[in-house]
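Subject: Structure handover

Hello,

Here is the structure I promised to pass on. Please open it beside this message; my notes follow below.

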Amino acid sequence: MNFYGTSAVNRIADILAFCASKGVRITAFRQTNHETENVKCKMIASLPQETSFDELSSDYFELLTSFELEGQFEEMSNQQ
């Protein structure tokens, strides 16, 4: 999961609260400042097994859009 844009730094707490409300556990978080106002945040997360990836992804992008941010949401399985 990642998000970026000019207001990203002001929305970190909101996005982390969204994740918590969905039962998503953030296992890693990295913030990169390319400029003072252009911040990119990248997270690695664990989803509860009962969570629909597609539904969560849709909700995540809806949230980003409401904050005028962009981002990515990729599924990576740890099953072998």
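Start with alanine 45. Alanine 45 is partly exposed, at a relative accessible area of 28%. That value lies between the 20% limit for buried and the 50% limit for exposed. Its home is strand E3, which covers residues 39-46. Leaving out residues up to four places away in sequence, alanine 45 touches Met1, Val24, Arg25, Ile26 and Thr27. Serine 21 is 24 residues away from alanine 45 along the chain, and their C-alpha atoms are separated by 13 Å.

One caution before the rest: this is a predicted model. All values here are computed from it.

**Overall layout**

The chain has 2 helices and 4 strands. In sequence order they give the pattern β-α-β-β-α-β. The radius of gyration is 13 Å, and the globule rule gives 12 Å for 80 residues, so the chain is as compact as a globular protein of that length. Along the principal axes, the C-alpha atoms fill a box of roughly 40 × 25 × 15 Å.

Buried residues account for 30% of the 80 residues. Now the contacts with a separation of 6 or more: 53% of these join residues 24 or more positions apart. The accessible surface is about 5,600 Å², and carbon and sulfur atoms hold 43% of that. For charges, count 6 positive and 12 negative side chains. The centres of the two sets lie 8 Å apart.

**The aromatic cluster**

Which residues form the aromatic cluster? They are Phe18, Phe53, Tyr60, Phe61 and Phe73. The structure holds 4 aromatic pairs. Two of them deserve a closer look, and both involve phenylalanine 73.

Take phenylalanine 53 with phenylalanine 73. Their ring centres are 4.9 Å apart and the planes stand at 45°, so this pair is tilted. The tilted class runs between the 30 degrees limit for stacked and the 60 degrees limit for edge-to-face. Phenylalanine 53 lies in helix H2 (residues 53-66), whereas phenylalanine 73 lies in the segment after strand E4 (70-72), so the pair ties together parts that are 20 residues apart in sequence.

Next, tyrosine 60 with phenylalanine 73. Here the ring centres are 5.3 Å apart with the planes at 45°, so this pair is tilted. It links distant parts of the chain: tyrosine 60 belongs to helix H2 and phenylalanine 73 to the segment after E4, 13 residues apart. From C-alpha to C-alpha, phenylalanine 73 and tyrosine 60 are 8.1 Å apart.

Are these two residues buried or exposed? Phenylalanine 73 has 10% relative accessibility and counts as buried. Tyrosine 60 has 0% and counts as buried. The cut-off for buried is under 20%. Setting aside neighbours within four places in sequence, phenylalanine 73 is in contact with Met1, Phe53, Leu56, Ser57, Tyr60 and Phe61. Met1 is also among the residues that alanine 45 touches.

**Two more residues to check**

Glycine 5 sits in strand E1, residues 2-5. Glycine 5 is buried, with a relative accessible area of 14%. The C-alpha atoms of glycine 5 and valine 39 are separated by 6.1 Å, although the two residues are 34 apart along the chain.

Glutamate 68 is in the loop between H2 and E4. At 72% relative accessibility, glutamate 68 counts as exposed, since exposed means over 50%. What is the phi of glutamate 68? The angle is near 60°, a positive value in a residue other than glycine. Most residues other than glycine have a negative phi.

**Where to look**

If you have only a few minutes, begin at phenylalanine 73 in the segment after E4. From there, go to Phe53 and Tyr60, both among its contacts. Then move to glutamate 68 in the loop between H2 and E4, and finish at glycine 5 in strand E1.

Best wishes

Definitions and conventions: Residues are numbered from 1 along each chain as its sequence is written. This is a predicted model: local features need pLDDT of at least 70, side-chain atom pairs count only at pLDDT 80 or more; totals for chains, interfaces and linings use all residues. Side-chain values use heavy atoms; hydrogens and water are left out. The radius of gyration is taken over C-alpha atoms; the globule rule is 2.2 Å times the number of residues to the power 0.38. Buried means under 20% relative accessible area, exposed over 50%, partly exposed in between (1.4 Å probe, protein chains only). Contact means heavy atoms within 4.5 Å. Accessible areas come from the Shrake-Rupley method with a 1.4 Å probe; for residues, only the protein chains shown count as cover. Lys and Arg count as positive and Asp and Glu as negative; His and the chain ends are not counted. The place of a charge is taken as NZ of Lys, CZ of Arg, CG of Asp or CD of Glu. Rings of Phe, Tyr and Trp (its six-membered ring) pair if their centres lie within 6.5 Å; planes under 30 degrees apart count as stacked, over 60 as edge-to-face and the rest as tilted.
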